[in-house]
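Please load the structure in your viewer and keep the sequence panel open beside it. The tour below moves from one selection to the next and says what is to be found at each stop.

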Amino acid sequence: MKIFIRLVILIIPIVGFVFFYNLLTEDKFYPGANFDRFNVPVFALDDITSQKIYTKDDLNDELLLNVWASWCITCRVEHGFLMELKQEGFLITGLNYKDESTDANNWLNLYGNPYSFSLHDIKGSLALDMGVTGAPETFLIKNGEVLVHYSGEVNLAVWDNVFYPVIKENKMFR
Amino acid sequence: MIAEVSHFFLVTASGLFLLSFIFSTLTYKTNHNIEILVSRVFSYGSYFVFVSFLIYIWLSIQSDFSIRYIAEHSNKDLAVFYKISSIWSAHEGSMFLWIVFLSLWSQFFNFKLPQADLLKAPSIGILSFIIFGFLIFLLFTSNPYDSLLPIAPANGADINPILQDPALAIHPPFLYLGYVGFVIAFAYNTAFLIKGDLDINWEKIIRPWSLIAWILLTIGITLGSWWAYYELGWGGYWFWDPVENVALMPWMAGTALIHSLYVSSRSNSLRSWTILLSISVFSLSLFGAFIVRSGIIDSVHAFANDPQRGLYLLLFSGILIISSLAFYALRFPKLVSSNLIKPKSKESFLSINNILFVTAIFAVMLGVLYPLIFDFIYEERISVGPPYYNTIIAPIAFLSSIFLVFSVGSSWQRSSKLFFIYSPLSLSILLSIFVACFIAFKLQNFEWWFIGGNFSGFLILIRYLLLVINNISKKMYFNKASAIAHAGLGILLISISINAGLSYEKIINIKAGDSFQDDMYTFNLLDFELINEDNFDSIKAKFLIKSNDASEQVFYMFPEKRKYFIRGQITSESAIQITPFKDIYITLGDQLDNGHWVVNIQYNYFIRWIWISAIIMCLGSLMAIKERSIKK
């Protein structure tokens, strides 16, 4: 009887431990990640320097589209990682969201510009069409088709678990 | 620069705690000096943690946005009070606060415990190990000093407006104090198990510490419940939310522990139970920290969870829990007392309640884990709601009230004769059946839980009332602390039952100038007012309310909807009219296309008494610390 109680006392927490260990290390759903594919809607938007009007055809074949704004603190947090991505050769286009162009340009001058160019979506119309709910959000786009939509800060963990597997699978950025 | 000093102090502290732990492992072989060293090094470690936290508070007040955490959770326009409370509004800072409390509380214990105490060095060693482990967790996986340099933002983000509230700002500190408070019982009893010297009287040492921890945890839970009631706009006081449940489990285990401690300090019989409970309380606190902070429950949470955090917490808690239980299993045969508990003795009733409490804990734990297990096996998401918890917890609460009442007149270590015709027990059962039936008829509610809840509540109240009357008239000693705390429990059970039985709500559509009448009050919606505040715009409805009865009482209520600028979040500020036995609770909903507003009117009965009874229980427990010293 005593042996039995001693065993039970030890087995309960060990079972719990093993269960949670499996749960945590399992490949899991990443909150914020959306893998429903859709085509980038048609648009015509200024860039933030007001130099050129861009349309859907001006987007590269393979790119990351990052929704950002100068008022967005998390974008500031995410910024360092985007700079690293740029240095590793990933093409990132900005979608400046509900922001004044002077503020946006000052922000980029101050912190550095990770973007090939930034579309100026002051009304948030393209963002609305693409299902953006706030900043930052990041899209992975190949030949005009959105492969990944992620809401929230992109960091190394998100990159490795959400973006990288899709990039590898679709043989992008070679 | 100042941030680096604070950071450096924290790193130094972790080194000191590691050192203190290493020294404590040497105490078996060497002399007394090492034991003094353990205690000294530990003190320095906790001072470093404390100073580091004070500097962090200062950085927060100064709005040092070069620190990422402060930039993300505080901004310049906040009042100083909320700048400070923003520290514990998210993971990193609240973990920091948790560790600060852990080390200060342990340092207080270290300071109070005489150096001659045999278990001092090993228990301080265990505490050092725990604090060291959490400091490493903080510094490596959730560093509150992460920098945004070279360029800091000009202003920070706002904290969530529903968190800008005094009750919410102070309730996490109380909860954390309660959680970490039980670490003393855990460390001291684990030290006792390691030493294995059965003659050591640990009950006397850990009883006051556990009582204080229980009080703080109770206050923390009560404040959280009060906040949820007036801020979330749902009008309830308890939602069986996983985060609430992980606070409830250590609370229930803690309740069982302080009672079990009481028994084992009077007779040797429940010693092994008490030790197991003292390990469980802190283990459940750790489990709660793991569940909340690993993000495995709240998977819709907006932030990307770092899986490393969960793994580290799991491994570290696993080491603590499994190793202390292994020592328990090792010493178990020696701990079990040879003398059997006599049936119908005081110990027997307390033991039954111990078992009932453990059952309740397992039930709540199952409710928390079931969705996880289900998701793991069937890949489907389900949730376990209030009906499950209510059907399981209500009968357990009922049964344990009965056994509590049995224990009142019973004696230690011998069977007691409880049921004779004129016994206080028979009298209180009869009286409370009468009262419960009277209430049921009066309020026309014949649900089993309603009658049962009122019965058990009044049973406790009446039984203790009879005890007090009897013992005061005969000038006999009785445990005042216990009488007060349990009277609080009686009021709690009655309030919960009446609240659940009587409260109701109605949703109406109303436009300015119209009125609405129910059987108690007439609500006139006079007009709306637009208010522009510093950080939000608000639309405020003005209700004139008249009672329909003879008193013709008249008052105004102002439910409100706010839109905050920085986050664009819309919150509803309910208006609450407090009367002694019920709250009128009005929440403004959405405006419809035809200009009407959706308004939710709730009558919440006895809700204040739920919190008042928690305060009464805390007062009773506070007196229990002072209650005459325990004889053995």
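Begin by selecting B:Ala624, which is buried, since 21 other C-beta atoms lie within 10 Å and 20 or more suffice for that label. Bear in mind from the outset that this is a predicted model. B:Ala624 belongs to helix H18 of chain B, residues 607–626, so colour that stretch if you would like to keep the helix in view. Leaving aside residues up to four places away in sequence, B:Ala624 touches B:Leu211, B:Ala481, B:Ser482 and B:Ala485. If you then add B:Ile212 and draw a C-alpha to C-alpha distance from B:Ala624, the value is 9.9 Å, although the two residues are 412 apart in sequence.

**The side of chain B that touches chain A**

Next, display both chains and select the residues at which they meet: 32 residues of chain B are in contact with 25 residues of chain A. On the chain B side, helix H3 (68–73), helix H12 (307–335) and helix H13 (346–378) each supply at least two residues. Which helix gives the most to this side of chain B? It is H12(B), with 13 residues. Colouring this side of chain B by residue class gives 23 nonpolar, 6 polar and 3 charged residues.

**Two helix pairs in chain B**

Hide chain A and select helix H2 (residues 32–61) together with helix H5 (residues 91–112) of chain B, whose axes come within 9 Å and cross at roughly 145°. The crossing of H2(B) and H5(B) is left-handed. To see the contact itself, show side chains on the H2(B) side, including B:Phe42, B:Val49, B:Phe50 and B:Phe53, and on the H5(B) side, including B:Phe96, B:Ile99, B:Val100 and B:Leu104. Taken as a whole, the contact of H2(B) with H5(B) divides into 9 nonpolar and 8 polar residues, with no charged ones.

Now move to helix H8 (residues 183–195) and helix H11 (residues 271–294) of chain B, where the axes come within 8 Å and cross at roughly 135°. That angle makes H8(B) oblique to H11(B), and the crossing of this pair is left-handed. For the contact, select B:Val183, B:Ala185, B:Phe186, B:Asn189 and B:Leu193 of H8(B), and B:Ile275, B:Ser278, B:Ile279, B:Val281 and B:Phe282 of H11(B). By class, this contact has 8 nonpolar and 2 polar residues, and no charged residue.

**Following strand S4 and its partners**

Turn to strand S3 (residues 521–532) of chain B, which pairs with S4(B) in the antiparallel sense over 11 bridges. S3(B) and S4(B) form a hairpin with 3 residues between them, and within the pairing B:Leu530 stands opposite B:Ile539 in S4(B). Keep B:Ile539 selected, for this residue also has a bridge partner in S6(B), namely B:Lys561. The pairing of strand S4 (residues 536–547) with strand S6 (residues 560–564) of chain B is antiparallel and consists of 5 bridges.

S4(B) is also joined by 4 bridges to strand S5 (residues 554–557) of chain B, again with the two strands running antiparallel. Here B:Lys546 stands opposite B:Val554 in S5(B). S4(B) and S5(B) form a hairpin with 6 residues between them, and in its turn you can pick out B:Glu552, which has a positive phi of about 50°.

From S6(B), continue to strand S7 (residues 570–573) of chain B, since these two strands pair in the antiparallel sense over 4 bridges. To locate the pairing, select B:Arg562 and its bridge partner in S7(B), B:Thr571.

**The open sheet of four strands**

For the last stop, select the 4 strands of chain B that form an open sheet in the order S1-S10-S9-S8, with antiparallel pairing. Strand S1 (504–510) and strand S8 (575–578) stand at the edges, each with a single partner strand, so one side of each has no neighbour in the sheet. On average, and with direction ignored, neighbouring strands of this sheet are turned by 20° against each other. At the S8 edge, S8(B) pairs with strand S9 (residues 582–591) in the antiparallel sense over 4 bridges, and there B:Ile576 stands opposite B:Tyr585 in S9(B).

Definitions and conventions
Residues numbered from 1 in each chain as written. Chains lettered and ligands numbered in written order. Predicted model: local features only at pLDDT ≥ 70, side-chain atom pairs only at ≥ 80, totals over all residues. Pairing = 2+ DSSP bridges. Contact = placed C-beta atoms within 7 Å. Nonpolar A, V, L, I, M, F, W, Y, C, P; charged D, E, K, R; others polar. Axes fitted to C-alpha atoms, helices over the stretch in contact; angles between N-to-C directions. Left-handed = near helix turned anticlockwise from the far one by under 90°. Parallel < 35°, antiparallel > 145°, perpendicular 65-115°, else oblique. Buried ≥ 20, exposed ≤ 12 C-beta atoms within 10 Å, placed from the backbone.
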